[in-house]
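Grab a pencil and work through these exercises with the model open beside you. Each task comes with a worked solution, so have a go before reading on.

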Amino acid sequence: MWQAVVVGLIVLAAAIYVAWALLPAALRLRLARHLAATARRAGGPTWLVRFADATEGSALRRLGGCSDCSAVQAAPTPPKSRDKT
Amino acid sequence: MSGPAPALDALRLALVGVPNCGKTALFNRLTGSRQKVANYAGVTVERKEGSFVGPSRGERYRLLDLPGAYSLTPTTLDEAITRDCLLGRLAGESAPERVICVVDATNLRLNLRLVLELRDLGVPMIVALNMSDLAHSRGFGLDRERLERELGVPVVETVAIRDGGERALLERLESLPTLAPRPPTEWRESSFEQIQQTQREVRRILHAAGYREPARNRSLQRVDGLVMHPIAGPLILAALLFFVFQAVFSWAAVPMELVDAGVNWLGAQLHAALPSGLLNSLLVDGVIAGAGSVLVFLPQIMILFFFILVLEDSGYLPRAAYLLDRMMGSVGLSGRAFIPLLSSFACAVPGIMATRTIPNVRDRLATIMIAPLMTCSARLPVYALIIAAFIPRQRVGAFNLQGLVLFTLYVAGIVSAMAVAYALKRTALRSTYHPLLLELPEYRWPDPRNLMLGLWERLKIFLQRVGTIILALMIVLWFLSSFPAPPDGATGPAIQYSFAGSIGRALEHVFAPIGFNWQISLALVPGLAAREVAVGALGTVYSLSATGDDVAATLVPMIAGTWSLATALSLLAWYVFAPQCLSTLVVVKRETNSWRYPLLMAGYLFALAYVAAFITYRVASAVLS
């Protein structure tokens, strides 16, 4: 029985993470802001407010196009070039 | 971003300069960040922000790293970002209070026009003579104090890649007056006469400051003569790329076996240590078999990026762009498209963003549309898995056969991209050819520290990806593959009766004509989130499908024993064209500001993939039977 509970929690957490990670960045940011505001307004426990803030921070960091991609830091980028004219 | 957290009242500094003068290296030095740097122009196409504290007065600074610009009159989107930021035109952002204009001390003739334009804006400014160590060692002559007097702004020497190379800059920075925030600056684009006048002023200042350029190193001239020769150049480029793909397979064999053994050992230990049941199955069949089968390809990805980093740091890549300008022109693309397309070998997302440096809208759209045909690094595990299972590890003459096949797949992607570009540029995206004029950086030996940092970053990114999205997807897939439980009296593996089994069999109707079984059809779905997940998904699905002795077998022998060669070739053909991951389509939507192009892209890639896989499967089946 305990195995079923542990496995259920792991699968649920994984499913929430996948859904969150695959959301469009703008929607993710809106949700994160909403979560942070609700946690603060409701005077939730410190850990919840911190978690909500961290989630908002993480959503913001992932908003810049390149940062959405895992390979970005290793990717070569373009040379500046000028027309002859 | 590392460095202290930026305070709201921190002074805002902007790093400005022409491309490839070392702005990002200086940004990293000042803020402790690890933004990407390389030995060619245009590495930064978006503004980046960091912060630091002045060493003596303790003032906080927010530092903006802006894309390189030759002048304040932009010709490309990234140059426009720099101009708009400096003029306070960006929404919700005032103009910076101070500017650090970074100039390449070995190329002042090109750099000083921007300095003069910035000086005319009236914002407090420091000129950082970067790479001054290189200028001294190569014999450039300059009277820094005289240059400072002529320009009327502080000029300091910096070496952004060395510890302490920023010290003089920090000292002068803290001595600049603090001014109230400026209103948006009145600025007008320079006329042709004004540009000529500015160039005359540049020449006068350089003469007055005793600027001397040494003769160019003869051996480097000879190297350039060979590397950029119209016949020898492309041959050298082809040989280089060929060597890279050979190395990806030859050098990676031993470390891959070690990682594979480690993953298998961990799986066996977990299997033995945990009581049989759901948790055991989740960890062994879902996590270890799924995420572990992606992890095995880490050595190959590291080797590929090692070569990319070496080529980047050496200054060779812009020369390759120059060499390929004629080929790009023959299909209607500008040579400017080369580096965005090359970026797409790592990932299509930065490649598509890098098209911002292409000023012609139609050229840019054509480049965006073909970028996904370049073989991104996430496709490497899929190729490597199938090649390892079906192509014998033997030599053909001096060449490794597996490396040869991998090279062919990369070439197939390039040829297809050129064919699609040719079709687009002769129909919907017709435009005139724009000749390429490129600034070639000096050759230099790759900096081992840069190289190690680059590889370390890549390793972290890969492991983070395996440990987050891939792991989570594997857990979800394991759940879908394990539930509902098989009915009483069922004889086949449990997965056949699961949600995943049902989805796989439904998809099989679509993919059966191209030779895909239900396991492959199922693996394509999570592969839309990230391509390499398809390998992990196959690992989980086959692990759960296995019975008896097969359970201990790893993925490679398992698929080698299950698929026909025609199916394997068909899957390779599918992956040469297959629609990109979702994040690529989202970025295309954002960069084109329309759903039309991502939908068109997904549609044409899917059609190409299906047709190519169909032909491959049918021809291979006929020939092999």
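**Exercise 1. In which sense do β1(B) and β3(B) pair, and over how many bridges?**

Step 1: Find the strands, which are DSSP runs of E with at least two residues, numbered from the N terminus; helices are runs of H or I with at least four. Two strands pair if DSSP finds at least two bridges between them.

Step 2: β1(B) and β3(B) are joined by five bridges, and the sense is parallel. As a check, look across from B:Leu11: you should land on B:Tyr61 in β3(B).

Step 3: Strand β3 (residues 60-65) of chain B has five buried residues out of six, so to say mostly covered is right. Buried takes 20 or more other C-beta atoms within 10 Å of the residue's own, exposed takes 12 or fewer, and partly exposed is in between, with C-beta atoms placed from the backbone.

A note before you go on: this is a predicted model, where local features need pLDDT of at least 70, side-chain atom pairs count only at pLDDT 80 or more, and totals for chains, interfaces and linings use all residues. Residues are numbered from 1 along each chain as its sequence is written, while chains are lettered from A and ligands numbered from 1 in the order in which they are written.

**Exercise 2. Lay out the whole sheet, strand by strand.**

Step 1: Six strands of chain B make an open sheet with mixed pairing, in the order β2-β3-β1-β4-β5-β6.

Step 2: At the edges you'll find β2 (48-53) and β6 (155-157) of chain B; each has a single partner strand, so one side of each lacks a neighbour in the sheet.

Step 3: On average, neighbouring strands here are turned by 25 degrees against each other, direction ignored. Axes are lines fitted to C-alpha atoms, for helices over the stretch in contact, and angles run from 0 to 180 degrees between N-to-C directions.

Step 4: Now the pairs. β2(B) and β3(B) run antiparallel with six bridges, and B:Ser51 sits opposite B:Arg62 in β3(B). These two strands form a hairpin with six residues between them, and B:Gly58 in the turn has a positive phi of about 70 degrees.

Step 5: β1(B) also pairs with β4(B), parallel, over five bridges; here B:Gly17 faces B:Val102 in β4(B). On to strand β5 (residues 125-130) of chain B: six bridges tie it to strand β4 (residues 98-104) of chain B, again parallel. B:Val102 has B:Ala128 as its bridge partner in β5(B).

**Exercise 3. Which strands does helix α3 (residues 108-121) of chain B touch?**

Step 1: Contact between two residues is C-beta atoms, placed from the backbone, within 7 Å.

Step 2: α3 packs on the sheet and touches β1 (11-17), β4 and β5 of chain B, with its direction at about 165 degrees to that of β4(B).

Step 3: Then try helix α5 (residues 144-151) of chain B, which lies across β5 and β6 of chain B and runs at about 150 degrees to β6(B).

**Exercise 4. Describe how α9(B) and α12(B) pack.**

Step 1: Two packed helices are described by the angle between their axes and the distance between the axes.

Step 2: For helix α9 (residues 232-250) of chain B and α12(B), that's an angle of about 155 degrees and axes 8 Å apart.

Step 3: The pair is therefore roughly antiparallel. Here's the scale: under 35 degrees is roughly parallel, over 145 roughly antiparallel, 65 to 115 roughly perpendicular and the rest oblique.

Step 4: B:Val244, B:Ala247 and B:Val248 of α9(B) meet B:Gln300, B:Ile303, B:Leu304 and B:Phe307 of α12(B). That contact splits into six nonpolar, one polar and no charged, where Ala, Val, Leu, Ile, Met, Phe, Trp, Tyr, Cys and Pro are nonpolar, Asp, Glu, Lys and Arg are charged, and the others, Gly among them, are polar.

**Exercise 5. Is B:Leu471 buried or exposed?**

Step 1: B:Leu471 belongs to helix α20 of chain B.

Step 2: There are 20 C-beta neighbours inside 10 Å, so B:Leu471 counts as buried.

Step 3: Beyond neighbours within four places in sequence, B:Leu471 contacts B:Val287, B:Ala291 and B:Val466. The C-alpha atoms of B:Leu471 and B:Val287 are 6.4 Å apart, with 184 residues separating the two along the chain.
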